[in-house]
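Me: Please take a close look at a single part of this structure. I would like one strand and its partners, then one loop residue.

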Amino acid sequence: MHAFSVIVPVYNKVSTLLNSLLCLYEQNLQDFEIIVVDDASTDGSHEILLDEERNGKIRLYQRDTPGPGGYAARNYGAHKATSDWLVFFDADDLLAKDHLSKFADAIAKNPSIELFVNAFQKMKGDKLVRQSNILESGVFSREKALAAFSRSDFIHMNGACIKRDRFLDLGGFPVGRYQRAGDVYFWLKALCCLKMVHYDSTVTSFWLLDNSGVVSNKNNVIHVHPCLDLKKECEVGLSWYEKRYLRASINRKILAWAVEKKQVGKSIEKDVYALMLFSMRPRQWLVLSSLIIPQPYYEKLRERFLKISN
């Protein structure tokens, strides 16, 4: 049995596929399997994957449903996995060579923990995107993990390693419910259900924003953020402080989507009504105040803010 099963969903990634796979082939730790789930790619990706399979580098599966289905593909790969630990990796991003070895070292030192997180870095072109709220490495209690998530997205799809049994018990990624942010929903759900999480502040994965078509398509944010559903699903059993941080996390994600909608002229009425006002943080009130400004004045204010920031 391998130490890790790395799940890679693929749909029309011919321009980035080989570079992403190379990141896996060059890992310092080599005790892992690569499970690639192809969603009926039509751009030549499947032919590349067939070659990699013939060379014994990957295990290749193809779902019957045509077209992209990242959450379903990841769940399918998890069911095919043979190791106790799952790592997810997108075929248009990059990994450092110590990505898996960092997980292995942390697991050896913390055998009772079921979710491990390495820091990630956003990139726009060849430039690093500035990120705030840098966390220190260590073991986080559920309360501390939720408090951290209420301030920033410290978990990314490429930067997490989860026990396979726990992933399946949680139901995997939500298939057919959300066009976008189903992964954010799942990781926040996991934080609510797990007592402890290990975090390593070493950056071992790079999210290339230019390749993220799902995020750039604003038609995927027509609804209120999926994390709102966690208020009903996960609050039972949480302490008062844990509930407070969960609600603050949900508010943060709702506001983030509302900002995206405001920028393209979409209605944010449902988003504003979905906010839990008694759990708002001071900075969130500032964001909300800017959102209720009429569109023409909002754009001018945003342009001025961007000039100051740059």
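Reply: The strand comes before the loop residue.

This is a predicted model, in which local features need pLDDT of at least 70, side-chain atom pairs count only at pLDDT 80 or more, and totals for chains, interfaces and linings use all residues. Residues are numbered from 1 along each chain as its sequence is written, and side-chain values use heavy atoms, with hydrogens and water left out.

Take β10, residues 196–208. Helices (H or I, at least four residues) and strands (E, at least two) are DSSP runs, numbered from the N terminus. Two strands pair if DSSP finds at least two bridges between them.

Strand β5, residues 94–95, runs antiparallel to β10. The two are joined by 2 bridges. Here L95 sits opposite S205 of β10.

Strand β6, residues 115–124, is parallel to β10, with 8 bridges. In this pairing V117 faces Y199 of β10.

Strand β8, residues 138–141, is antiparallel to β10, with 4 bridges. There F140 lies opposite V197 of β10.

Now the loop residue. G172 lies in the loop between α6 (164–169) and α7 (182–193). G172 counts as buried because its relative accessibility is 7%. Buried means under 20% relative accessible area, exposed over 50%, partly exposed in between (1.4 Å probe, protein chains only).

Leaving aside neighbours within four places in sequence, G172 is in contact with N75, F167 and F186. Contact means heavy atoms within 4.5 Å. From G172 to S101 the C-alpha to C-alpha distance is 24 Å. These two residues are 71 residues apart in sequence.
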